[in-house]
Amino acid sequence: MNKKFLITILIVWIIFALISSADAEQYDQERQLMVEKQIKQRGIVDPQLLDAMLKVPRHLFVPENLTLMAYNDTPLPIGYGQTISQPYIVALMTESLNVKKGFKVLEIGTGSGYQAAVLAEMGCQVFTIEVIKILADTAQERLKHLGYPEINVQWGDGYFGWKEEAPFDSIIVTCAIDHVPPPLIEQLKEGGKMVIPVGPPYSLQTLWLFTKEQDQLTSENLGEVIFVPLLREVREE
Ligand code: SAH
């Protein structure tokens, strides 16, 4: 009886192990295709970035019922009215910052934690702020579980940046606002870059890349985008 029970458990475990390794392989292939077709073929060249996007398991950053769509060429809902950005937009924003290993990077809008994981995978020291508590907590748990315990997640309004950790080499804002928050400009290092979608909520916005030089900002227009708005009120959920 006991022996039979143990054998049943063993068989069930082997079946589960086989299924999950087949799943992992399938997702690896989808991820390779994503990087090839959606990222490389659209002109992204930074080898560290391509490598990071090949490594970070995007399907573990989306809700379970959407894992099969994780490598599609679209943003996806992550609950609470928020989204994980389209893979190409993640790549475009990250490449524009020209980050190097050891860079101190501030992200506004943790969401699922995917963008933060890509930056950490590139060797950056990541500080990320999320305004919705349940998303901040879930992302922190997920990042710890997936091997990124060094990413610092804070619940709060990212409009004010993270003063105690400033200045930053780079700032990435993944929600849209109609002006550039002055505290973020202050917290950017001389020579540092900030990428941010500027424009009205739920409408076409412009993705701007700013570089801080002699306390002035030079700007480059990276194209039109649609991001969820930067909320000015902290929420539990
Ligand atoms: N970078 C995320 C996607 C971000 S979606 C990822 O990789 O998954 C934009 C996120 O910004 C949402 O989670 C939203 O809750 C958050 N957000 C909106 N306003 C904010 C604010 N004032 N401060 C910090 N985060 C904010």
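Here are some notes on this predicted model, starting at the ligand and moving on to the backbone and the helices.

1. Ligand shell. The ligand has 26 residues around it, and the closest of them are S112, E130, D157, G158 and L231. Sorted by class, that shell holds 12 nonpolar, 11 polar and three charged residues. So much for the make-up; the contacts come next.

2. Polar contacts to the ligand. Two side chains are worth a look here. S112 puts a side-chain N or O atom 2.6 Å from an oxygen atom of the ligand, and for E130 a polar side-chain atom lies 2.6 Å from a ligand oxygen atom. V131 makes its approach through the backbone: one of its backbone N or O atoms is 3.3 Å from a nitrogen atom of the ligand. As for cover, the ligand on its own has 580 Å² of accessible area, and the protein covers 100% of it.

3. Where the ligand sits. The space it takes up is the largest pocket in the model. If you want to trace the walls by element, β2 (82-84), β3 (104-108), α4 (114-121) and β4 (125-130) each give at least two residues to the shell. The largest share, three residues, is from β2.

4. A cis peptide to check. Have a look at the bond between A166 and P167: the peptide is cis, with omega at about 5°. P167 belongs to the loop that runs between β5 (152-155) and β6 (168-173). I'd flag this one since most peptide bonds are trans.

5. Positive phi at Y80. This residue is not a glycine, yet its phi is positive, at about 60°. Y80 is found in the loop between β1 (76-79) and β2. Is Y80 buried, exposed or partly exposed? With a relative accessibility of 39%, Y80 is partly exposed, because that value falls between the 20% and 50% cut-offs.

6. Positive phi at D215. Here too we have a residue other than glycine with a positive phi, this time near 65°. D215 is in the loop between β8 (205-213) and β9 (216-225). Its relative accessibility is 65%, so D215 counts as exposed, the cut-off being over 50%. As background to both of these points, most residues other than glycine have a negative phi.

7. Helix α3. This helix spans residues 87-97 and is mostly covered, with 10 of its 11 residues buried. Among the buried ones are P87, Y88, I89, V90 and M93. Right after α3 comes N98, and its phi is positive, near 50°.

8. T94 inside α3. T94 is part of helix α3. Why does T94 count as buried? Its relative accessible area is 1%, and buried means under 20%, so T94 qualifies. The side chain of T94 also has a partner: one of its polar atoms lies 2.6 Å from the backbone oxygen of V90. The general geometry is worth recalling at this point: an α-helix has 3.6 residues a turn, so residues three or four places apart point the same way.

9. E36 and L50. E36 lies in helix α1, which covers residues 2-39. At 34% relative accessibility E36 is partly exposed, because the value is between 20% and 50%. Along the chain E36 and L50 are 14 residues apart, and their C-alpha atoms are separated by 9.0 Å.

Notes: Residues are numbered from 1 along each chain as its sequence is written. This is a predicted model: local features need pLDDT of at least 70, side-chain atom pairs count only at pLDDT 80 or more; totals for chains, interfaces and linings use all residues. Side-chain values use heavy atoms; hydrogens and water are left out. Helices (H or I, at least four residues) and strands (E, at least two) are DSSP runs, numbered from the N terminus. Buried means under 20% relative accessible area, exposed over 50%, partly exposed in between (1.4 Å probe, protein chains only). A residue is near a molecule or strand if one of its heavy atoms lies within 4 Å of it. A polar contact is a pair of N or O atoms within 3.5 Å; within protein, one must be able to donate a hydrogen and the other to accept it, and residues adjacent in sequence count only if both atoms are side-chain atoms. Accessible areas come from the Shrake-Rupley method with a 1.4 Å probe; for residues, only the protein chains shown count as cover. On a 1 Å grid over the protein atoms alone, a cavity is a set of points where a 1.4 Å probe fits but cannot get out, and a pocket is an open set with protein on both sides within 12 Å along at least five of seven lines; lining residues have an atom within 4 Å of a point. A molecule sits in a cavity or pocket if more than half of its atoms lie within 2 Å of its grid points. Ala, Val, Leu, Ile, Met, Phe, Trp, Tyr, Cys and Pro count as nonpolar, Asp, Glu, Lys and Arg as charged, and the others, Gly among them, as polar.
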